[in-house]
Amino acid sequence: MRISLLRPAVGALLSFMSFNLLAQDAGSGIEEVIVTAQRTAESIQDVPIAVTAMTGEMLEERQVITVSDLQMNAPSVSFTPTNFGSNSFSIRGIGRLVTASTGDAGVSIHVNEIAMPVNLTAVEFYDMERVEVLRGPQGTLYGRNATGGAINFVTRQPDFDSVNGFIDFEAGDYESYRLKGAINIPMGDSFAVRFAAMKLDRDGYTENLAHGQVGADGSTLNGISKDVDGRDILTTRLTANWDITDRDNLWVMWSYFDENDNRARITNQVCVQNDLPTYGCQPDGVGFEQPHLTSRFDHLVGGLYGVVPFGAADGTGVYNWERPTIDSLREMHTDFEPVYKDRENAILFGYVHEFDSMTLGVQGGYRRADANYRQDYNMNVGVELGPAVGVTAPNPFRADGDYPVSETAGGDRLKAAGDDWTPGPCNAFDGTSGIWGGCAISGFSRDYSFDQASSWSEYWTVEAKLQSQFEGPVNFLVGASYFDSEGMGDYYVNTNVLDARADYYTGFFNNTGDPDGDTFGEGWAVFGEVYWDITDRVKVTAGLRYNDDEKSVRDTSLLWNAQDANFPGSLPLDDNTVAPLWTRVIDLVNGNAGDPISDGSRAFANYYGFSDTQIDAALLTPAQSAERLAINAGVPIVPDFNETRDLTNSPSSFEWQETTGRLGVDWQVTDNALLYGFYSRGYKPGGANPAIPTQFQGESSFEFDPEFIDSIELGFKTTLADNTMVLNGAVFMYDYEGLQVARIKNNTSLNENIDADVWGMELEWQWQPDRLPGLMVDAHYSYLNTEVKDSVSVDPTNREGGNPDYITLNDFAFLYAARREDITQPVLDTLIGLGAAVPAPGANYVNEPGLPAVTPVVIQRAAATAFGIETVEGIPVDLDGNQLPNAPENTIHIGAAYTWPISAIAGGLTLRWDYYWQDDSYAREFNTIGDQIDSWDQHNLSLFYNSDDGRWQAKLWIRNIEDEENVTGHYLTSDTSGYYRNYFLTEPRIWGASLRYNFGGG
């Protein structure tokens, strides 16, 4: 760790401390906030942890509506949605950078102290008691996945005092309407229930320029909305609270969330078209063009079989609905209406028994979530297919001239209950999936594509803890926890350009898992802390936690896994009547008697129980004999779950055991000044990579390793000026081992590990001056220095890694680097003759130094290697010193509110302004120009009226006053997509008004 770098920050912090230890006695100024950061209720100023807490009232006043708003109200926090409907909540540069169903977040999410998965992208705050953000590894009390810290969402509990509640109606621009409310109902002196709900309807933030567009043929593009990225959300919460006895309390909560709208999972795509179909987009370009279409796998293959001209940068140059000029991230040109469906049910409980000097707590919960997200994969109204592009027939594989696209298997899992991919009307395993199985969306003459991310998951957990309250100097907290999870996820890419290849089944790409569960997790932990009061002001804390985590997967991948052995006789052209015969062992099915078969076909037959003796006997019979067809019937037309893992010896189950903890001291110097210093160790388990083909097992690993973080933190908390000022701060340094990051390698999303050093400082300040009792000012500042260390990796957008001896080539599906001097004209002539290299205008290197005059970009890697060309995945680049993703160096928040009591209106007016600014940052650890996320800021303003009796509140508000397009993150797509970047944004300027009525007592 770079301890020397911390010395100036530590010196500044100690100077602050020496000044602020002269704090005065507490008065009645700033309201005390109670938190449960140490799993017990304490004043935030007594907790020796860097924690930001906002009460429900503060959330309302500061316009903290979604989780994205937390980054503007807590130091060292950043938040961004990610590509497949997930998100990354980062604290001090530590969040979630992996793309894997077995990957975990780096910030532990808790609801009422219970570890519970939450879709942070969709959360809307209502009827909250508070939100706590704990910064730094919480390896003892919060355990696994708390390497960055933890969030605790605390909902309002029922009270026994009276019937009370509120109703709040809000209206704003974008046709936004929000209704929220709650009612508390006591049922005697010891039992009460509270029901809360929120309904939100809003039009989209993003304009679709394709809406109503008139094409070159005079037709109009219909069936799509003018605006996308809207909201239609209903969420409810029912909580019961029961004081069973004077010593026993039980609460139970049920929550429900349902969203069904056109939320844009991806705000927009950014690309400047490359001249050649290697990187379809310029690696550092920022614009709204389409990638070189031959860089896309579908158009590359489509060009090879004549659906589109091969090598053309824009496919054909013929667009019936020409792509208009796009000059804003809040504009799209899409003919596919986004689909966003998310449904969640959760049940949580907590039980507490008070002994004379100890407290026993048992808590847990269950959550079921179903999701289905769809969006235009290429964010464009596609190029025309058929005769307009030089093909001799409207569709060479269909008599009707249509270019249909496959519908996804299982359809809409949120619409058809129990239809979890199979059984269902579109079932890949029984041959009814895809356009050739009868599952299609028809009516297209243009390139049409969409992707779908869908999933279901179940999770339950239970935890027990025992905490002492002895009068002596030593106390303790011990506990144990267990969790179990399972789920299933699909990711589809459906495009009619691939579906046009009628001899293959299926034409879509589907990375999928077993519908009965493809990802399983199980873990348990025991933990404990001892608190020793050395004096009445000095306390030592020591804690340990033992974690045991297991994960397993059952997955497969679909794309052209089977062929039609009867093609072309099975085509619906020229009165053909032969039915398709799908097979994954076509040389076995159609081979002549005595012909050998490939090693792959033999391996498939062996895997499904056929001996070499049976196979060899069948090979002595004619094509499509009963013996051959019997073996074919035993080999499913799509890979069985974990088939690829078994055939490549890629493991499917993983286990880790680790011990974490913390050790530190806190010193209550005065009644209003606390100093603390802690060493903490955090841990996040690893996960499974996709199956690794044998030829790539030297380049890629089967799993990604756990993350570990060793942290040293010094901090102070002070209450000053007769309780009218609070100033808290911390400095920290991390030794970060095994940061999990995603990579596109060999046309697969894999995950690797890198190491880093992190150090920084944070300050939080609140002031309510005596001389201006109506004024409240709050601010925070954080400085974050993150550096990758001792790490190298291949940048997918820079396969040559700056080495002039190599050149980037395309292997029909993924990119690789080849040594220039090995690419000679005789070798090229041989490869072209074999069909392993495909020369075409717009797809060749022309007069490139060190290469033959015209060198095809598209060369099959295995063939190139076989004929003496040295090939590698890429040349690694040095990452040392690079900044971690989602880790801006400086962030600042300033807020100010002033209240004027006005007797004439029986109440008061409060004007509040909030400002947030964050520094430049990066979306990837490669820190290229294309990875840059520009600094951004946001102003919010609100005017409140609060009646003196507390019944009425009215509010006028505006967010993002300057209407900035604030980018929170990027996602770099793969070789097969052309390396465009998906961008994610905060909300645009939005304004509105609300009226709230509080009823009852309490």
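Here is a walk through a few strands, a surface patch, a buried lysine and some aromatic rings in this structure. Keep in mind as you look around that the model is predicted.

Let's start with three strands, E37, E38 and E39. Strand E37 covers residues 725-745 and strand E38 covers residues 748-767, and the two pair in the antiparallel sense over 19 bridges. If you want a spot to anchor your view, find Asp735: its bridge partner in E38 is Asp757. Now move on to strand E39, residues 775-789, which runs antiparallel to E38 and is joined to it by 13 bridges. Here a handy marker is Gly760, which stands opposite Leu784 in E39. While you're tracing backbones, remember that in a regular strand the side chains alternate between the two faces of the sheet.

Next, swing round to the surface. A nonpolar patch there is formed by Val163, Ile183, Ile185, Met187, Phe195, Leu238, Val252, Trp254, Ile347, Tyr366, Trp460 and Val462, and together they have about 970 Å² of accessible area. Three elements give two or more residues each to this nonpolar patch: strand E11 (176-186), strand E16 (248-261) and strand E23 (449-468). Val163, for its part, sits in the loop between strand E9 (149-155) and strand E10 (164-172). Its relative accessible area is 45%, so Val163 counts as partly exposed, a label that applies between 20% and 50%.

For a contrast in setting, go to Lys955. You'll find this residue in strand E54, which spans residues 952-959. Is Lys955 buried or exposed? It counts as buried, because its relative accessibility is 9% and the cut-off for buried is under 20%. What does Lys955 touch, once its neighbours within four places in sequence are left aside? The contacts are Glu60, Leu943, Phe944, Gly992, Ala993 and Ser994.

Last stop, the aromatic rings. The count comes to 31 aromatic pairs. One of them is Tyr676 with Phe678, a tilted pair with 6.5 Å centre to centre and 55° between the planes. Why tilted? Planes under 30 degrees apart would count as stacked and those over 60 as edge-to-face, so whatever falls in the rest is tilted. Tyr676 is buried, with a relative accessible area of 6%, and Phe678 also counts as buried, at 7%. Elsewhere in the sequence, ring pairs link Phe336, Phe444, Tyr448 and Phe450 into a cluster.

Conventions: Residues numbered from 1 in each chain as written. Predicted model: local features only at pLDDT ≥ 70, side-chain atom pairs only at ≥ 80, totals over all residues. Heavy atoms only, no water. Pairing = 2+ DSSP bridges. Helix = DSSP H or I, 4+ residues; strand = E, 2+ residues; numbered from the N terminus. Patch = residues over 30% accessible without salt bridge, like charges linked within 9 Å, V, L, I, M, F, W, Y side chains within 5 Å. Areas by Shrake-Rupley, 256 points an atom, 1.4 Å probe, with all protein chains shown as cover. Salt bridge = Lys/Arg side-chain N within 4 Å of Asp/Glu carboxyl O. Buried < 20%, exposed > 50% of the residue type's maximum accessible area, 1.4 Å probe, protein only. Contact = heavy atoms within 4.5 Å. Phe/Tyr/Trp six-rings, centres within 6.5 Å; stacked < 30°, edge-to-face > 60°.
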